[in-house]
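This report examines how one protein chain is held together, beginning with its charged residues and then moving inward. Please keep the structure in view while reading.

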Amino acid sequence: MPRQISYRWRLRKLMAARGMFTVAELMPHLAERGITLSASQVHRLVSGTPERLSLPVLATLCDILDCTPADLISTSAQNLPARRAAGEEAPINLAARRPTRVRLTPEA
């Protein structure tokens with residue numbers, strides 16, 4: 001059965017819990033641990049959900065925020081309904097094809 005995997009990036013929430021509310025507050029912590037990112041890169045990291053993230057940056061964020069990767073990235077998975085194969089007949093819904101009875105009433 002196919003599964004859909006989703007995740008949530010929780011950096012902003014963890015920063016707020018540690019009293020950091022701006023990108024400028026995070027940048028010195030990154031720099032002192034050897035991670036040099038531009039202000040716009042850090043802003044995208046904080047405000048959006050990254051599609052790619054290097055392990056050194058992830059480890060540094062975990063060190064700064066005193067958390068684990070599981071705290072930064074919450075994941076969920078759910079089963080998807082099975083798809084029909086090409087050419088496979090869909091079950092016919094007879095109730096949808098059955099005509100409804102018309103009720104005629106005389107005009108007043």
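## A charged network

The model discussed here is predicted. Asp63 has a relative accessibility of 48%, so this residue counts as partly exposed. Asp63 forms a salt bridge with Arg33, and the closest N and O atoms of the pair are 2.5 Å apart. Two distant parts of the chain are linked in this way: Asp63 belongs to helix H4, whereas Arg33 sits in the loop between H2 and H3, 30 residues apart. Side chains of opposite charge can pair when their charged atoms come close.

How many salt bridges does the structure hold? There are 2. Besides the pair already described, Glu32 forms a salt bridge with Arg33, with 3.1 Å between the closest N and O atoms. Shared partners join Glu32, Arg33 and Asp63 into one network. Accessibility can be stated for the other two members as well: Glu32 is exposed, with a relative accessible area of 58%, while Arg33 is partly exposed at 32%.

## Helix H2 and its two sides

Which residues of H2 are buried? They are Val23, Leu26 and Leu30. Viewed down the axis of H2, the buried residues fall within an arc of 65°, and therefore they line one face of the helix. On the other side of H2, Ala24 and Glu32 are exposed. Glu32 is thus a residue to recall from the previous section, where its salt bridge with Arg33 was described.

The buried residues of H2 are covered by parts of the structure that include H1, H3 and H4. Just after H2, Gly34 takes a positive phi of about 90°.

## The nonpolar core

The largest nonpolar core has 20 residues, of which Leu11, Leu26, Leu61, Leu65 and Leu72 touch the most other members. At least two residues of this core come from each of helix H1 (11–17), helix H2 (23–32), helix H3 (39–47) and helix H4 (55–65). The helix that gives the most is H4, with 6 residues.

Leu61 illustrates how the core is connected. When residues up to four places away in sequence are not counted, Leu61 touches Trp9, Leu11, Leu26, Leu30, Leu45, Cys67 and Leu72. Among these partners are Leu26 and Leu30, which are buried residues of H2.

## Thr60, a buried polar side chain

Thr60 is found in helix H4. With a relative accessible area of 9%, Thr60 is buried. What lies 2.7 Å from a polar atom of the side chain of Thr60? It is the backbone oxygen of Pro56.

Leaving out residues up to four places away in sequence, Thr60 touches Leu30, Arg33 and Ile35. Two of these names have appeared before: Leu30 is buried in H2, and Arg33 forms a salt bridge with Asp63.

## Two cysteines without a disulfide

The structure holds 0 disulfides. Cys62 is in no disulfide, and the nearest cysteine sulfur, that of Cys67, is 4.3 Å away. Cys67 is likewise in no disulfide. The distance of 4.3 Å can be set against the cut-off, because a disulfide requires a pair of cysteine sulfur atoms within 2.5 Å. Cys62 counts as buried at 9% relative accessibility, and Cys67 counts as buried at 13%.

Where is Cys67 placed? Cys67 is in the loop between H4 and H5. Cys67 and Leu14 are 53 residues apart in sequence, yet their C-alpha atoms are 8.6 Å apart in space. Aside from its neighbours within four places in sequence, Cys67 is in contact with Leu14, Arg18, Leu61, Cys62 and Leu72.

## The loop after H4

Is Asp66 buried or exposed? At 67% relative accessibility, Asp66 counts as exposed. Asp66 is found in the loop between H4 and helix H5 (69–72), and this loop also holds Cys67, which counts as buried. The backbone of Asp66 deserves attention: Asp66 has a positive phi of about 50° although it is not a glycine.

Conventions. Residues are numbered from 1 along each chain as its sequence is written. This is a predicted model: local features need pLDDT of at least 70, side-chain atom pairs count only at pLDDT 80 or more; totals for chains, interfaces and linings use all residues. Side-chain values use heavy atoms; hydrogens and water are left out. A nonpolar core is a set of buried Ala, Val, Leu, Ile, Met, Phe, Trp, Tyr and Cys residues joined through side-chain atoms within 4.5 Å. Buried means under 20% relative accessible area, exposed over 50%, partly exposed in between (1.4 Å probe, protein chains only). Helices (H or I, at least four residues) and strands (E, at least two) are DSSP runs, numbered from the N terminus. Contact means heavy atoms within 4.5 Å. A polar contact is a pair of N or O atoms within 3.5 Å; within protein, one must be able to donate a hydrogen and the other to accept it, and residues adjacent in sequence count only if both atoms are side-chain atoms. The arc is that of the directions from the helix axis to the C-beta atoms. A salt bridge is a side-chain nitrogen of Lys or Arg within 4 Å of a carboxyl oxygen of Asp or Glu.
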